[in-house]
Amino acid sequence: MPELPEVEALSRFLGDELVGKTVERVYPVAVHALKTYDPAVTAFEGRAFDGVERHGKFLDLRAGDLHLVMHLARAGWVRWSEKLADAPPRPGKGPLALRVRLAEPANSGFDVTEAGTQKKLAVYVVRDPQEVPGVARLGPDPFDPAFSPAVFAALLTGERRQIKGVLRDQSVIAGIGNAYSDEILHAARMSPFKLAAKLDQEEVGRLYEAIGTTLADAVERSRGLPLRELKAEKKSGLRVHGRKGETCPVCGDTIREVSFSDSALQYCPSCQTGGKPLADRRLSRLLK
Ligand SMILES: [Zn+2]
């Protein structure tokens with residue numbers, strides 16, 4: 001799933017390519033991905049893009065008073081092309097959800113795609129991004145200069161949930177998902193099951209630092225890469241997420257996995273939990 005660093009890289013890439021370019025045609029291919037109907041997505045035809053922004057994990061392409069806002073969910077992506085086919089795309093079982101063809105250069109434009117059978121990609125056409133419920137709910141962005149250590153500490157005050165769940169809650173902090181919350185907690189040498197409200201001042205500071213450096217490093221690594229290489233770059237840059245059974249690059253211990261909420265998380269026992277593996281609650285429930 002694209003998280004803040006990948007969406008940030010996408011937004012910078014599209015900003016460079018799209019600003020000043022006029023839309024010739026919009027083809028909504030997968031109707032289920034379109035969450036709004038007024039204004040129609042074809043209202044972008046004849047308009048020029050004048051800005052690309054990111055809100056959490058949402059991408060926002062602006063053309064005058066219209067915004068094309070997208071949430072790529074688990075398997076969505078944007079493919080840039082300078083060789084779009086002449087024939088209009090047909091609705092079908094393929095991954096293509098939306099095609100935007102630019103007036104020039106000829107045959108250039110982008111496809112919004114979604115792999116797999118779980119269709120969660122969401123596209124909105126709005127006059128204000130705040131009309132998108134997921135955007136309106138977002139907490140502060142870690143890259144916003146106003147996101148200070150004091151703001152972060154205040155978000156955690158009285159927060160009774162485990163820190164792993166708090167970090168990926170979009171209404172607390174925008175843009176962090178399952179992968180980067182694992183990475184941030186590893187960088188902060190902190191147990192994912194620690195209760196947020198129980199963190200002391202030093203731990204809050206360490207976690208704040210880890211959020212900033214982990215996300216900034218990931219954005220830096222993807223700078224200038226072609227879009228099709230971004231996903232591979234994300235995977236190769238992760239130190240614990242998705243690396244169960246591999247060796248921790250910091251201490252050499254074996255990375256472990258434990259169930260969490262609707263998925264699983266990975267962590268290093270030596271770096272994060274005093275060498276003790278976390279109990280898998282799903283497993284212990286089965287054994288009772
Ligand atoms: Zn380690």
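Here are legends for a few close-up views of this predicted model.

**View 1. Four cysteines hold a zinc ion.** Look for the sulfur atoms (SG) of Cys 248, Cys 251, Cys 268 and Cys 271, which coordinate the zinc ion at 2.2 to 2.3 Å. Read along the chain, these donors follow the spacing C-x2-C-x16-C-x2-C. Cys 248 sits in the loop between α7 (227-237) and β9 (256-260), while Cys 271 belongs to helix α8 (residues 269-272), so this pair ties together parts that are 23 residues apart in sequence.

**View 2. The zinc site has a tetrahedral layout.** The angles among the four donor atoms run from 97 to 114°, which makes the site tetrahedral. For a handy yardstick, ideal angles for four tetrahedral donors are 109.5 degrees.

**View 3. Two of the zinc-binding cysteines are tucked away.** Cys 248 is buried, with just 3% relative accessible area. Cys 271 is buried too, at 13%. Both values fit the label because buried means under 20%.

**View 4. Phe 13 and Trp 80 meet edge-to-face.** The ring centres of Phe 13 and Trp 80 are 6.2 Å apart, and their planes make an angle of 75°. Phe 13 comes from helix α1 (residues 4-18) and Trp 80 from strand β5 (residues 76-81), so the pair ties together parts that are 67 residues apart in sequence. As for Trp 80, it counts as buried, with 19% relative accessibility.

**View 5. Three aromatic residues form a cluster.** Here ring pairs link Phe 147, Phe 152 and Tyr 208. The count for the model comes to six aromatic pairs.

Methods: Residues numbered from 1 in each chain as written. Predicted model: local features only at pLDDT ≥ 70, side-chain atom pairs only at ≥ 80, totals over all residues. Heavy atoms only, no water. Donors = N, O, S within 2.8 Å, 3.2 Å for Na, K, Ca; no water. Tetrahedral: all angles 85-135°; square planar, octahedral: opposite > 155°, others 65-115°. Helix = DSSP H or I, 4+ residues; strand = E, 2+ residues; numbered from the N terminus. Buried < 20%, exposed > 50% of the residue type's maximum accessible area, 1.4 Å probe, protein only. Phe/Tyr/Trp six-rings, centres within 6.5 Å; stacked < 30°, edge-to-face > 60°.
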